[in-house]
Amino acid sequence: MVRFFVITGLGLALVNGWIIGWLWRALPHTGWLRPLLCLTVVTLGASFPLLYKLGDHSLVQVWMLRAGAFWLGMVLYVFLLVLLMDVWSLTSRLWLGPPDAGTPRWGAVLLVVGLPLAIGCASWLNAAYPAVRHYDLTVETAGAIPPAYKDAPLTLGVLADMHLGRIITAPRLVRAMDLLAPYKPDAVLYLGDILDDHTLLDVEAMAAALARVQPRLGHWAVLGNHEYISGPVENSLDILQRSGMRVLRDQWHVLDDVLVLAGRDDRSKLAFTGSPRKSLPDVLADLPPEYRRLPLAVLDHQPHVLDEARAAGAILEISGHTHYGQLWPFHWVVENMYENPHGLLSKKNLHSLVSAGTGAWGPPMRNTARPEVLVIKVYFVEAGK
């Protein structure tokens, strides 16, 4: 984990340094404007990496963190344009000779700043307004179907990857719960990374947001990697529980005698605590015989080990974590990392559902997918029919 942050930090320093060098070359003889723009890039480039873990709740630091997060979402696009400009300049120099070094390149600078800013604003708006995704699934059960579910489904509401903290705040959770409320879900499931940090978290506002939906079978959550990253996991658990969620940590729960939920601790537990999470067979070891005939649904923040769910006989695994890349072109990365990076994959008797997430991490921006809340209707049929 430390190595990842060191490598990422060095990469960001290199990218921001390249941008600063290009701006300095592109704006000769512009007086105070050139150093001001370069200083702005230095400040924005340093704000998120430095303040994400080291910052506090002061107003100045919070807004610097948010500005740095927005720049983090733009910096790749700025860098790609700058790189393109450098390639163009080198090609022109080879064919046409050196340009006039004393002329500011206003058009290039406006393009390098303006296009990523437009992309960033559009991505910010896209990230602010979740969509509702509907999934209807039919599953077989070897148990007796309760009368309530012979002609009606079990309706599950699902939120993932809210990343509540200093950047994404409780009003965003209110917006998501208001989208879910009209569907009157029987249970609401939270797939981890509900928290991003413990600074400025308003637990009362979280609880009020959850109370806008009153599922008769409760609010159920599992941990994600950011429940560990954000601070001591015990504090994360306390926050989630005080907001009204019941957290399954390598535990099971039976929903209305019709579906077994197996909630897995996040696979990052090993890196943070030195002890691994339980295997799925161990999670289910104490499941009473009368419930083993019911369909099994696995809640696992990261969709890394679908084969383990298949081997355990699960009919459904619901995950988040991938954000479907969140920003172009990172969706190509997650498509190569996961068997199912987003949406529904039905394979070998297992329905894998992966949410793109309801919030955002780092940059409060999305352009590879809309943020989403899921409404899953599970219809039960007797096995063999």
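Let me begin with a term: a residue is called buried under 20% relative accessible area, exposed over 50%, and partly exposed in between. Please keep in mind that the structure before you is a predicted model.

I shall speak first about charged pairs. Side chains of opposite charge can pair when their charged atoms come close. The structure holds 14 salt bridges, and I have chosen three to describe individually.

The first pair on my list is Arg-212 with Asp-178. Their side chains meet in a salt bridge, at 2.7 Å from N to O. Asp-178 belongs to helix 5, residues 170-180, whereas Arg-212 sits in the loop between helix 6 (203-210) and strand 4 (219-221), so this contact ties together parts that are 34 residues apart in sequence. How accessible are the two partners? Arg-212 has a relative accessible area of 45% and is partly exposed. Asp-178 is also partly exposed, at 34%.

I turn next to Arg-216 and Asp-186, whose side chains form a salt bridge at 3.0 Å, again given from N to O. Arg-216 lies in the loop between helix 6 and strand 4, and Asp-186 in the loop between helix 5 and strand 3 (187-190), so the pair ties together parts 30 residues apart in sequence. Asp-186 counts as buried, because its relative accessibility is 11% and the limit for buried is under 20%.

The third pair is Arg-249 with Asp-265, a salt bridge of 3.0 Å from N to O between their side chains. It links distant parts of the chain, 16 residues apart: Arg-249 is in the loop between strand 5 (246-247) and strand 6 (251-255), and Asp-265 is in the loop between strand 7 (259-263) and helix 9 (269-273). Is each partner buried or partly exposed? Arg-249 has a relative accessibility of 27% and therefore counts as partly exposed. Asp-265, at 1%, counts as buried.

Beyond these pairs, there is a network to note. Asp-307, Arg-310, Glu-339 and Lys-347 are joined into one network by salt bridges that share partners.

Finally, let us return to strands 6 and 7. These strands pair in the antiparallel sense, over five bridges. Which residue of strand 7 is the bridge partner of Trp-252? That partner is Ala-262. The two strands form a hairpin, with three residues between them. In the turn, Asp-256 has a positive phi of about 55 degrees.

Thank you for your attention.

Terms used: Residues numbered from 1 in each chain as written. Predicted model: local features only at pLDDT ≥ 70, side-chain atom pairs only at ≥ 80, totals over all residues. Heavy atoms only, no water. Salt bridge = Lys/Arg side-chain N within 4 Å of Asp/Glu carboxyl O. Helix = DSSP H or I, 4+ residues; strand = E, 2+ residues; numbered from the N terminus. Buried < 20%, exposed > 50% of the residue type's maximum accessible area, 1.4 Å probe, protein only. Pairing = 2+ DSSP bridges.
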